[in-house]
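Q: Please take a close look at one single part of this structure and walk me slowly through it, since I am new to it. I would like to know how the part is put together and what a database record says about it.

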Amino acid sequence: MTEVYTRRIMGVETEYGITATSANGTHTLGAADVARYLFAPVVEEHGSSNIFSDNGSRVYLDMGAHPEIATAECDSITQLLNYERAGDRILDALARRAELVLEREGVGKHIYLFKNNLDSHGNSYGCHENYLISRSMVLRAIGRALEPLLVTRQLVCGAGLIERETDDHPARFVLSQRADQVWEGVSSATTRARPMINSRDEAHADSQQYRRLHVIGGDTNLSEPTFAVKVGSALLVLEMIEAERELPDFELEDPIGQIREISRDLSGKTQLRLKSGGTVTALEVQKSLCEHAARWLEVRDNYRANELHSGSSTSEMHRVVDLWRRTLLAIETQDFSQVNQEIDWVIKKELFENYRDRLDAEWSHPKLAQIDLAMHDIRPGRGIFPVLEAKGRVKRWTTDEAIAAAMSTPPATTRAHQRGQFLVRARQTNTQFAVDWSRIKITEPKQLEYTFGDPFATESPELDELLALMDRGTNDTE
């Protein structure tokens, strides 16, 4: 039987926008200064603004003064969601500490953390998905097979955006914040010519066995169910490719040109030209892939062997397909009442429409632009989406308790468990160390290094030896 990674290592990298204001709402500091205050406790404790936290995730300041969280390695959708949301809370805790300092120094009062993809100047920052795949799989072939999904999935998991008025069109609501920022299908570039899939070969694992599929063209999601269907649909298509399931030939003639057209057509009726000839609508592509995924779930457990104890269960995947189907039906019928508490762009558009009715305004009204930004402020009690969530106005996929646990505890089912154990012990014993995704190292006073190439391994004799050595004291040479 074909080898299929129904248990797959995954991770998400989320970049955040930041700003600060005084008590009267005026901007007081530039992004770089806000970032400096935000990361001051991290630098003070760890001597760097680029660290791995005790939960196994990477917390760092990216270029452009963007705070970024790269989740620990996860092996199920819900687990990944918990660690992605834990990143929000870790940054919120840093922001609360920084606000106290800003107010004490009289240079500001409020810090805002925006989980979106565009700032007011049109600069883009991303949400990158990472999926473990076999080294035997050809990346460009995977890219061609995944491309129809990635180009059209904004119908289901776009974050929504009010596009500004230009000489060519009035202000309007569009599906995706990232569609206009993507310029290639598969490329090693990341910023100069941003692709949907970054082909730079950084496995962060045993490169003889694995490689990393690095998807950088998707929107950041606020809704937990939308995040789940975004990741889950990609997982299902990857599984079908690996299982050599027959999929429809939707190779597109102009995927990058038409990704923008899809974003501006909320009906899903955009006609896509196929390389094989003829056309298909964006909605038809999604419906076909969704139905193939549903049929795959009927036999999926036959491929899971001894993996049933871990990874995304078939029952969890059924939840994904159910929401996927309901969203596509809503688009087809234009009746969104069944998904208006689950799908990001639908939640957002419905909120905006209510405000437009109150204001009797066009999409260009400045109040709507303010609401658009406030929607993505993740600070509890202040950002619009966290308020909707707290009031039960949007549906959940996970729980606050699971997210809280993920803030300090690494995933128990992946390599991150080893990294987390090492970090806690190294910090407890004041051991000098270095760590990255697949390597841990004691640097002083005695140098020892171990490489962990298996991202599925939760324990190892090498780690046990290292932990014991730190407990005895690194001067011990026994």
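A: Strand β5 is joined to β6 by 5 bridges, and the two run antiparallel; a strand here is a DSSP run of type E with at least two residues, numbered from the N terminus, and two strands pair if DSSP finds at least two bridges between them. This is a predicted model, in which local features need a pLDDT of at least 70 and side-chain atom pairs count only at pLDDT 80 or more, while totals for chains, interfaces and linings use all residues. Residues are numbered from 1 along each chain as its sequence is written, and side-chain values use heavy atoms, with hydrogens and water left out.

Strand β5 covers residues 58-62, and β6 covers residues 66-70. One pair along their shared border is Val59 with its bridge partner Ile69 in β6. The hairpin that these two strands make has 3 residues between the strands, and in it Gly64 takes a positive phi near 80 degrees. Strand β5 is also paired with β4 (residues 50-52), through 3 bridges and again in an antiparallel arrangement. There, Phe52 stands opposite Arg58 in β5, and the hairpin of β4 and β5, with 5 residues between the strands, contains Gly56 with a positive phi near 90 degrees.

With the strands in place, the record can be laid over them. In an unreviewed entry, UniProt lists Glu13, Tyr60 and Glu68 as "binding site"; its positions are given in the numbering used here, feature names are shortened, and annotations may be inferred rather than shown by experiment. These residues are spread over 56 residues of sequence, but they cluster in space, with a largest C-alpha distance of 10.6 Å. The lining of the second largest pocket includes Glu13, Tyr60 and Glu68 (on a 1 Å grid over the protein atoms alone, a pocket is an open set of points with protein on both sides within 12 Å along at least five of seven lines, a cavity is a set of points where a 1.4 Å probe fits but cannot get out, and lining residues have an atom within 4 Å of a point).

Tyr60 belongs to strand β5 and is buried, with a relative accessible area of 5% (buried means under 20% relative accessible area, exposed over 50%, and partly exposed in between, for a 1.4 Å probe and protein chains only). Apart from neighbours within four places in sequence, Tyr60 is in contact with Glu13, Phe39, Ser49, Asn50, His66, Pro67, Glu68 and Ala70, where contact means heavy atoms within 4.5 Å. The side chains of Tyr60 and Glu68 are also joined by a polar contact of 2.7 Å (a pair of N or O atoms within 3.5 Å; within protein, one must be able to donate a hydrogen and the other to accept it, and residues adjacent in sequence count only if both atoms are side-chain atoms).

Glu68 lies in β6 and is likewise buried, at 2% relative accessible area. Its contacts beyond four places in sequence are Glu13, Thr14, Glu15, Arg58, Val59, Tyr60 and Asp62, so that Glu13 and Tyr60, which the record lists together with Glu68, appear among them.

Strand β5 also carries Arg58, which leads to another group. The UniProt annotation "binding site", from an unreviewed entry, covers Arg58, Thr71 and Trp437. These residues span 380 residues in sequence, yet no two of their C-alpha atoms are more than 10.7 Å apart, so they gather at one spot. Of this group, Trp437 is included in the lining of the second largest cavity.

Arg58 counts as partly exposed, because its relative accessibility is 21%. Not counting residues up to four places away in sequence, Arg58 touches Asn50, Ile51, Phe52, Glu68, Ile69, Ala70 and Trp437, and its side chain shares a polar contact of 3.0 Å with that of Asn50.

Trp437 sits in the loop between β16 (432-435) and β17 (439-444), and at 16% relative accessibility Trp437 counts as buried. Leaving aside neighbours within four places in sequence, Trp437 is in contact with Phe52, Gly56, Arg58, Ala70, Thr71, Ala72, Glu73, His204, Arg415 and Arg419. Among these contacts are Arg58 and Thr71, which the record groups with Trp437, and also Gly56, the residue with a positive phi in the hairpin of β4 and β5.

Methods. Helices (H or I, at least four residues) and strands (E, at least two) are DSSP runs, numbered from the N terminus.
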